[in-house]
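Let's take a walk through this structure together, one region at a time. Keep the sequence and the 3D view at hand as you read.

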Amino acid sequence: MLLLRFISFLLRVFLFLRFISTLKKLQILYQTAMAKELTTREDNYSQWYNDIVTKADLAENSAVRGCMVIKPYGYAIWERMQAALDKMFKDTGHQNAYFPLFIPKSFFSKEASHVEGFAKECAVVTHYRLKNDPDGKGVVVDEQAKLEEELIVRPTSETIIWDTYRSWIQSYRDLPLLINQWANVVRWEMRTRLFLRTAEFLWQEGHTAHATKEEAIAEAEQMLRVYAEFAEEWMALPVLRGVKSANERFAGAVETYCIEAMMQDGKALQAGTSHFLGQNFARAFDVQFLNRENKLDYVWATSWGVSTRLMGALIMTHSDDNGLVLPPKLAPIQVVIVPIYRNDEQYRLTCDKGREIKQQLEAVGIRVKLDDRDTQKPGFKFTEWEFKGVPVRLAIGPRDIEQGTVEIARRDTLTKEFASIDGIASTVQLLLETIQRNLFQKALDFRTANTKPVDSWEEFKEQIEKGGFLLAHWDGTPETEQAIKEETKATIRLIPLETDREPGVCVYSGKPSAGRVVFARAY
RNA sequence: CGGGGCAUAGCGCAGCCCGGCUAGCGCACCUGCUUUGGGAGCAGGGGGUCGCAGGUUCGAAUCCUGCUGCCCCGACCA
């Protein structure tokens with residue numbers, strides 16, 4: 001009897017040890033596989049970013065230099081961003097419209113600083129017809145079909161829109177005019193990176209006209225708040241709010257407001273801008289209105305935009321060395337269900353249970369995918385959906401069905417636990433909210449940890465190498481800003497709006513400063 | 001627009017120096033069997049104008065010339 005017990009004990013020990021060694025083996029295999037597929041952030045941050053975009057199937061380079069193909073999964077995220085923003089625009093009284101892709105060249109010369117800002121990166125249409133190459137194969141430009149006036153492919157639409165507004169606005173009764181357009185624009189960039197900087201990109205541009213300066217400023221500030229709220233609530237992206245220095249201001253603006261975010265490599269990324277344009281465009285395009293006193297005046301303008309660059313911000317803020325990490329509110333798929341089975345019978349049972357859970361989750365508005373492909377193994381599916389950043393994964397096997405449980409894995413923490421299938425919808429709903437909050441908090445903690453006041457030039461030069469935001473005093477001159485940029489590659493990301501500003505002395509020149517500004521190296 | 005590098009199967013690469021068998025490897029793909037709780041295994045199979053155009057040579061992925069495209073690093077930029 002004793003001997004039997006002893007043997008059984010030995011057997012258990014043996015099985016346990018084997019189990020441990022299998023686990024270790026799996027762990028090693030897993031890590032090797034990962035390392036092979038995805039570059040780590042520490043190893044090469046840019047390559048890591050490129051790998052995520054590719055592996056998560058978000059976008060790829062196209063046959064056209066500098067332009068990208070946004071793939072269905074990437075576009076689905078952009079569509080969710082669009083939907084949320086569009087509602088916020090409508091809720092603040094804006095309407096959508098659409099203006100032409102092409103802008104007559106002469107329009108551009110009407111606003112001096114605007115031309116200067118964009119002239120170097122404009123694509124120009126000079127002809128409108130092709131013909132068969134008389135000397136051989138293919139087609140050539142038909143020189144007969146030269147345009148009388150060349151057309152610029154819009155890098156932004158202020159000029160064509162203000163030219164149009166002239167005929168829309170006669171009286172203060174026509175104001176405010178609150179228009180947004182969703183469009184593509186082209187800026188001929190030398191060096192491009194998927195989402196962050198491409199020759200063609202998608203965006204929205206708001207263009208508003210107002211009777212008074214105060215109202216236009218209020219509009220620009222309102223839209224900055226909208227962007228900040230979108231970034232923080234939807235993207236889980238903490239942002240600083242502020243205004244740009246003269247050097248960084250939009251070409252043609254009186255004041256540029258911006259939201260600025262910190263990426264995991266400590267670099268800053270401008271996530272949205274809103275401009276108070278004064279009467280610059282109204283004067284350039286002669287847009288006047290009769291005010292209440294029956295006097296002619298130029299209208300006051302704003303413009304504001306965010307682009308597919310936000311996709312880059314989203315990726316670089318939350319993702320890890322296992323792939324993309326998406327905040328639940330923007331994830332095209334919030335929950336993926338993976339059935340675990342050994343035979344046809346189990347396949348049927350686990351898929352049935354999966355469908356049942358899917359319905360329960362969908363009933364409370366959760367976006368769910370049941371991955372019932374029989375051509376891939378569970379392990380493969382786990383990794384694949386991790387790459388793609390799906391916030392929550394449920395795995396259902398025969399054991400779960402017996403016990404009425406399901407394995408829940410969180411993408412943000414990479415942790416797993418078991419939960420009862422009863423009440424799964426509210427469990428998952430709560431979890432999604434938790435993940436959304438956790439991602440924001442993690443990003444905020446990271447930003448806080450990498451934001452430091454600096455008070456001497458030596459300290460500035462030392463700290464900027466470590467990345468992050470530096471809060472430093474600046475004498476307010478473009479010359480000092482330029483000098484700092486040349487010496488350290490850091491620029492003023494913004495002059496904060498929301499903090500009390502204490503006077504001090506400029507970290508570079510030692511001259512008086514009105515308050516600290518945020519310096520960083522930027523995308 | 002300056003400096004550097006690369007171009008060979010869908011993707012990643014070897015072969016090139018020193019020219020010579022049927023151009024090879026990994027992943028992916030197809031078929032079959034075994035598998036399925038963290039990227040499955042075995043067996044078999046398909047897929048190539050070696051970036052383009054010339055030249056040298058009996059013979060060129062390999063040597064020479066020109067062209068084109070892409071990537072990386074700088075300047076510019078959201």
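A good place to start is a contact with the RNA: a polar side-chain atom of R393 lies 2.7 Å from a base oxygen of RNA strand B. Please bear in mind throughout that this is a predicted model. R393 has company in approaching the bases. A polar side-chain atom of K416 lies 2.7 Å from a base nitrogen of RNA strand B, while G397 brings a backbone N or O atom to 3.4 Å from a base nitrogen of that strand. The elements that give two or more residues to the surface near RNA strand B are α1 (2–37), α11 (378–387), β19 (392–396) and α12 (398–403). Which of the elements gives the largest share of the surface near RNA strand B? That is α11, with seven residues.

Now step back to view the whole surround of the RNA. RNA strand B has 36 residues around it, and the closest are R191, R197, R309, R342 and D400. Sorted by class, this surface has 17 charged, 14 nonpolar and five polar residues. Seen from the side of the RNA, 38% of the atoms of RNA strand B within 4 Å of the protein belong to sugar or phosphate, and the rest belong to bases.

Let's turn next to a sheet. Three strands form an open sheet in the order β4-β8-β5, with antiparallel pairing. Here β4 (102–104) and β5 (124–127) stand at the edges with a single partner strand each, so one side of each has no neighbour in the sheet. From one strand to the next, the twist averages 40°. If you zoom in on the pairing of β4 with β8 (residues 146–153), you will find three bridges in the antiparallel sense. One residue pair to look for is F102 and its bridge partner in β8, V153.

Parallel pairing can be seen elsewhere in the chain. Strand β17 (residues 335–339) is joined by three bridges to strand β18 (residues 368–370), and the two run parallel. In this pair, V335 has V368 of β18 as its bridge partner. Are the residues of β17 buried or exposed? Five of its five residues are buried, so the strand is mostly covered. In a regular strand the side chains alternate between the two faces of the sheet. In β17, V335, I337 and P339 point one way, V336 and V338 point the other way, and all are buried.

A second parallel pair is made by strand β22 (residues 451–453) and β23, again over three bridges. T451 stands opposite F469 in β23. Strand β23 (residues 469–473) has four of its five residues buried, so it is largely enclosed by the rest of the structure.

Further along the chain, helix α15 (residues 478–488) is worth turning around its axis. Its buried residues include T480, E481, A483, I484 and T488. Why do they count as being on the same side of α15? They cover an arc of only 165° around the axis, which puts them there together. An α-helix has 3.6 residues a turn, so residues three or four places apart point the same way. On the other side of α15 you will find E479 and E486, both exposed.

Just beyond is T491, in strand β24 (residues 491–496). T491 counts as buried, at 7% relative accessibility, and its side chain makes a polar contact of 2.7 Å with the side chain of R493.

To finish, let's visit three loops for their backbone geometry. In the loop between α6 (158–168) and β9 (177–186) sits P176, which is joined to L175 by a cis peptide bond with omega of about -5°. The loop between α7 (213–234) and β11 (240–243) holds A236. Phi of A236 is near 55°, a positive value in a residue other than glycine, and A236 is buried, with a relative accessible area of 0%. N294 lies in the loop between β14 (288–290) and β15 (296–298). N294 too is a residue other than glycine with a positive phi, near 65°, but N294 is exposed, with a relative accessible area of 58%.

Methods. Residues numbered from 1 in each chain as written. Chains lettered and ligands numbered in written order. Predicted model: local features only at pLDDT ≥ 70, side-chain atom pairs only at ≥ 80, totals over all residues. Heavy atoms only, no water. Pairing = 2+ DSSP bridges. Axes fitted to C-alpha atoms, helices over the stretch in contact; angles between N-to-C directions. Near = heavy atom within 4 Å. Polar contact = N/O pair within 3.5 Å; in protein donor to acceptor, adjacent residues only side chain to side chain. Nonpolar A, V, L, I, M, F, W, Y, C, P; charged D, E, K, R; others polar. Buried < 20%, exposed > 50% of the residue type's maximum accessible area, 1.4 Å probe, protein only. Arc of directions from axis to C-beta.
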